[in-house]
Every structure is written in C-alpha cells, then in structure tokens.
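The following exercises concern protein residues at DNA and the two sides of a helix. Please work through each task with the model in view before reading the solution.

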Number of protein chains: 2
Amino acid sequence: MYEPLFAYLEQRFPLSDDDKAEIAAVVTHRTLKKGEFLLREGDAARVGAFVAKGFLRSYVIDNKGKEHIIQFAPENWWVSDKSGMNPDTTASFFIDAIEDSEVLLMDLTGHLTLMDKVPGYAKSFQAGIQKRATAKDTRIINSLTATAEERYDDFIKTYPSITARVPQHMLASYLGITPETLSRIRKLQSRKR
Amino acid sequence: MYEPLFAYLEQRFPLSDDDKAEIAAVVTHRTLKKGEFLLREGDAARVGAFVAKGFLRSYVIDNKGKEHIIQFAPENWWVSDKSGMNPDTTASFFIDAIEDSEVLLMDLTGHLTLMDKVPGYAKSFQAGIQKRATAKDTRIINSLTATAEERYDDFIKTYPSITARVPQHMLASYLGITPETLSRIRKLQSRKR
DNA sequence: CGCCGGCATTGATCTATATCAAGATCGAAA
DNA sequence: TTTCGATCTTGATATAGATCAATGCCGGCG
C-alpha cells in the first residue's frame, strides 16, 4: 500500500526499514472514486496528499462562480493542501478525483515527525518546495505574457502525459481560457501539422 | 550593518549573540546605486538577498524582448535568486535597484550553515517559503481570472506602500498590462471616487 | 535658466479571446 | 440498444486590452 510512496522517496534519498515504518505510521490511506472530494477531515492541519494511484486535481471557485484549476496531480505527485491560504479569500478551495484514486495523506504532525526522524526527508522536501516555486514563477510569467495558443503548446510540451488524460474543458480551465477557445486552437493546429 | 537582518529574524525567532556572529559570518554586504544590477558573482550559488535598505526588483525579459517584473522588494524583503530556474528557458533573469540600496547576500553554503547551526532558522525559512508559495498561487489565479482593473485594485490594497514608490510603468509590467491601460484605469477610478 | 529625455496621458484603431447560441458527438446507465 | 446528459465543435457577435501615434509634462543636467 505504501510502496509507491517509498519508491518515490527512494529516488530522492535512501530509506531504511525503520524509516519506512516511521513513514507508514504517520500517513493515512484513502480511496477515492472518480468525482469524489478529498475533504479536510477533523481539524488536523494537512500538509498534502501523495497520489499513489489515479489522478486528482485541485481548484478554486472564484466569486463569479467560475472554476479555476490550480494543479493536476497524477500518480507520484503531491497535491498540496491550501495550508496557509489566506482565510479571508472568498474563493473556496477543492480537491477531487478525476479518476478512481488512492492517496496517502500526511498531516502537519506527521510531517514534522519525518522532518525530525527521517534523514534526507527534510532536504528532499526542501528541494521539492523550491522546484515547485520555480514552476509557479514560470506559470505566472506565462499567464501574463503568452497567448492562449502559446500556453497550450507549452503545456502539452511540458506535461504530455497529463494532456492525454484530462478532459479538454479542464485543461482549458487550467490554462485560463474558455473551452471554445481551446477547441478552436486545436482545430487550427490539426490543420497545420 | 547587519541590524536590519537581525531585527527581521528576531521577529521570527530568538537570536543569541552567537547566532548573530554566525549570520554575520556567512552574509555579504553590497551597496547598489539606483539602476545598478545585482549580478551573480563568482560561481557561488546564491540563495537570495535581503534588502536592508532601498528597493529592488527582479524581472525577466521574454523572447519577444518584453520585460516582466516578477517581484518588488523593499526593505526587509528577500529577493530570491533564480536558483533552480530552468536553465534552458531562454528568458533572462535580472535583479536591479529601483532606489539606492543596501543588500545582504546569502549563498547556498551560508544558508546550509545557518540551517544547521542557528536554531529556529530552518523552521522560519520553511514558513517563509510556504507563505510565498501561497502568494504565488493567488497571483496565478488572479492573472488568469481577474480583469486588469481588479488586479490593480488588488495590488494597491495588498501592497499600498509599494504602489507609492514604484513608477507606473513598472507596476503595469508587474500586473501584466500596458502602461496605457494602467493610465486609463487610474483615470476612470479618480473620476469615480 | 532653459533644454532634453524619459514618463504619463489621451485618442484611434485592431485583435485575441469571451460570450451567446445551436448543433453534433460520445459514453455510460437503464 | 436506446437514451440522456455531458462534452466538444462551430458560428456570430461583443469587448477588454494591445498597439500605434501624438502630445503634454516634469525633473535633472548643461
């Protein structure tokens, strides 16, 4: 059950059997059916969820009632919780399953335990955060600069596997364009290429 | 010379005299005149720069030759280096001074030393990173969702002090709109309010 | 003091993308 | 297999914001 997570971590730093036990102890397994929500349960501040199988997405709904996908998360990705998101933002935050999925939940306590007890975890976590920050900068600049078509091209180049698995209207939502516009872009490109 | 940084850190966690010595040892002081660039010198991977005085900005120039401001950094802010930025991105990255400034540079080695030796530093760094990540999410959603005017309103509400200090065309660049558009927005609002 | 060069303003167009409105197509459930 | 809802496509129109082009303004430098 924990194997995918172990494998993921072992690509980043060595993991002893003790470490594995430690990890298994602080992580909670959950199964999600397609369309099901990953709700915040209890009051344990959650750090994130590791997608062991399936495909999740996180999104917000803005004050105009529109959905905006923040992140897609296929296997071996982390979806981060909105931890620290401005509570006075009216936008509501959701995570749900695009396909039947299995996730491993980590709460703040668990996270701190691992930071402390599992050598390599802290550094690897650090590196992950950093990398994600850069990706976000890129996305910001992209969304400010690039045309819809450029953003689309960029996406399929960067995440070809995701492109294939996601319904078009969700991709449009991620790119910040309407489904109609995305449809037209695809049509134009299919003619050209 | 290091006082602003000490003060900044002490708001986050207690700092002994030893800690201060440790910090002073790993940090480099630099003075920048208005318009001057903060270049990467030598090959030491830099983590970031703390603005002790003045005002910096970081920006990229995209392949169409356009400037896009990523971040403004007044006193007591960190400008992060592009550490980890995708090297194969053609976009070039710059940091320069909008006003005469003084900065304290921290390289990777120093950062790791502090992580290790100064209690509280690691956790506080962590928290900072997290907070910034959230801010970036917000900016992404904003840039995808909101109109130019909404983004402007948002900015002046969130960073009133920055608004006053920055030339309009730079603010426009940050918001991802043309100076002309920003000028028109301001005109409309001044009439209304 | 006066001049010049960047900055802001204003106006006239142009264009990418949204919005509105039907169809067409696909897929899962009965 | 049929059907219904969701998704995708296509077309017509509207609009926010870009672009192009002057003009005005102000502050620093000679």
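**Exercise 1.** Identify which backbone and side-chain atoms of the protein lie close to oxygens of DNA strand C, beginning with His169(B).

*Solution.* Step 1: in this predicted model, a phosphate oxygen of DNA strand C lies 3.1 Å from a backbone N or O atom of His169(B). This is a polar contact, that is, a pair of N or O atoms within 3.5 Å. Step 2: the backbone of Ala148(A) also places an N or O atom 2.7 Å from a phosphate oxygen of the strand. Step 3: at a base oxygen, the partner is an N or O atom in the side chain of Arg184(A), at 3.1 Å. Step 4: α8 (179–192) of chain A, with α7 (168–175) and α8 (179–192) of chain B, are the elements that give two or more residues to the surface near DNA strand C, where near means a heavy atom within 4 Å. Helices are DSSP runs of H or I with at least four residues, strands runs of E with at least two, numbered from the N terminus.

Residues are numbered from 1 along each chain as its sequence is written, and chains are lettered from A and ligands numbered from 1 in the order in which they are written. Local features of the predicted model need pLDDT of at least 70, side-chain atom pairs count only at pLDDT 80 or more, and totals for chains, interfaces and linings use all residues; side-chain values use heavy atoms, without hydrogens and water.

**Exercise 2.** Determine which contacts are made to DNA strand D by Ala148(B), Thr178(B) and Arg184(B).

*Solution.* Step 1: a backbone N or O atom of Ala148(B) is 2.7 Å from a phosphate oxygen of DNA strand D. Step 2: the side chain of Thr178(B) has an N or O atom 2.9 Å from a phosphate oxygen. Step 3: the side chain of Arg184(B) has an N or O atom 3.0 Å from a base oxygen. Step 4: α8(A) gives the most to the surface near this strand, four residues.

**Exercise 3.** Which residues of helix α2 (residues 17–26) of chain B are buried, and which are exposed?

*Solution.* Step 1: Asp19(B), Ile23(B) and Val26(B) are buried, meaning under 20% relative accessible area; exposed means over 50%, and partly exposed in between (1.4 Å probe, protein chains only). Step 2: these three lie on the same side of α2(B) because they cover an arc of only 70° around the axis, taken from the directions from the helix axis to the C-beta atoms. Step 3: on the other side, Asp17(B), Asp18(B) and Ala25(B) are exposed.

How values were computed. A polar contact is a pair of N or O atoms within 3.5 Å; within protein, one must be able to donate a hydrogen and the other to accept it, and residues adjacent in sequence count only if both atoms are side-chain atoms.
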